[in-house]
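Work through the exercises below with the sequence and the 3D view open. Try each task before reading its solution.

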Amino acid sequence: EGIAKPILLGNKKTIQNLISENHLELEGVEIIDPKSEEQKIRRYEFAQILYRKRQRKGMTINNAIELMNDRNYFSTMLVENGIADAMVSGLTNNYPNTIRPALQIIGKTKGASLVSGMYIINTKKGPFFFADTTVNKNPTTEQLVEITRQTVYAVKQFNIEPRVAMLAYSNFGSNQGRIPQLVRDAVKILHTENPELIVDGEIHANVALNPQLLVENFPFSKLV
């Protein structure tokens, strides 16, 4: 589709066979085998960078050199050094092993207190963005606020004005409990500090997605 110039990582012969078998239009695409002899110098340079970042966090130079054989670490280092703009991974690895190199090498953006994940689901009604369903366990009120702000920023990169529903097993006080209260407190902070945002909750997902139910039952909500 012409939206990117791919760099493919792995065994060159295997990748070329896959391109041929699947009749892909990838003639002349750059293929890098991180384990190859021709990448030895780059691998060592990347290992030195990783070692400097992690030497006081339990990593030895030998650990760093070994990790540069891993495509997730190698590709993250390509991004960190401006050789690539982004990486796509995770098909053959679990989520923690995929995200760990990014956390260790690229790290958090300036001013962020945490990292968060976001799923994009394309539907007939348009895209839905789900956060944070991947990284943070049992977030605090303050972390929920931070996750929401990060997600709003991410969604705006797609030129979409986000409409944020903070989910829980309660609709505006219909059920009590620790989770609804956390969400309630986070929404209160967001309404005070970010009044321009279309955000509300706590709310059920089915209600948040049903304009008629919202208007009939919760006409006061910012989501209306």
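Axes are lines fitted to C-alpha atoms, for helices over the stretch in contact, and angles run from 0 to 180 degrees between N-to-C directions. Helices (H or I, at least four residues) and strands (E, at least two) are DSSP runs, numbered from the N terminus. This is a predicted model, in which local features need pLDDT of at least 70 and side-chain atom pairs count only at pLDDT 80 or more, while totals for chains, interfaces and linings use all residues. Residues are numbered from 1 along each chain as its sequence is written, and side-chain values use heavy atoms, with hydrogens and water left out.

**Exercise 1.** Describe how helix 4 and helix 5 cross, and list the residues in contact.

Solution.
Step 1: two packed helices are described by the angle between their axes and the distance between the axes.
Step 2: the axes of helix 4 and helix 5 (residues 95-105) come within 9 Å, and they cross at roughly 35 degrees.
Step 3: contact (heavy atoms within 4.5 Å) involves N72, Y73, T76, M77 and E80 of helix 4, and N97, T98, R100, P101, A102, Q104 and I105 of helix 5.

**Exercise 2.** Find the residues of the largest nonpolar core that touch the most other members, and say which helix supplies the largest share.

Solution.
Step 1: a nonpolar core is a set of buried Ala, Val, Leu, Ile, Met, Phe, Trp, Tyr and Cys residues joined through side-chain atoms within 4.5 Å. Buried means under 20% relative accessible area, exposed over 50%, and partly exposed in between (1.4 Å probe, protein chains only).
Step 2: the largest core has 16 residues, and F46, L50, M68, F74, M77 and L78 touch the most other members.
Step 3: helix 2 (40-54) and helix 4 (71-80) each supply at least two residues of this core. The largest share, five residues, comes from helix 4.
Step 4: leaving out residues up to four places away in sequence, L50 touches M59, A64, L67, M68, Y73, M77 and I105.

**Exercise 3.** Is S170 buried or exposed?

Solution.
Step 1: S170 sits in the loop between strand 5 and helix 7.
Step 2: its relative accessibility is 0%, so S170 counts as buried.
Step 3: S170 touches N175, P180, R184, E202, I203 and H204, not counting residues up to four places away in sequence.

**Exercise 4.** Which residues does the cis peptide bond with omega of about 5 degrees join?

Solution.
Step 1: this cis peptide bond joins G201 and E202.
Step 2: E202 lies in strand 6.
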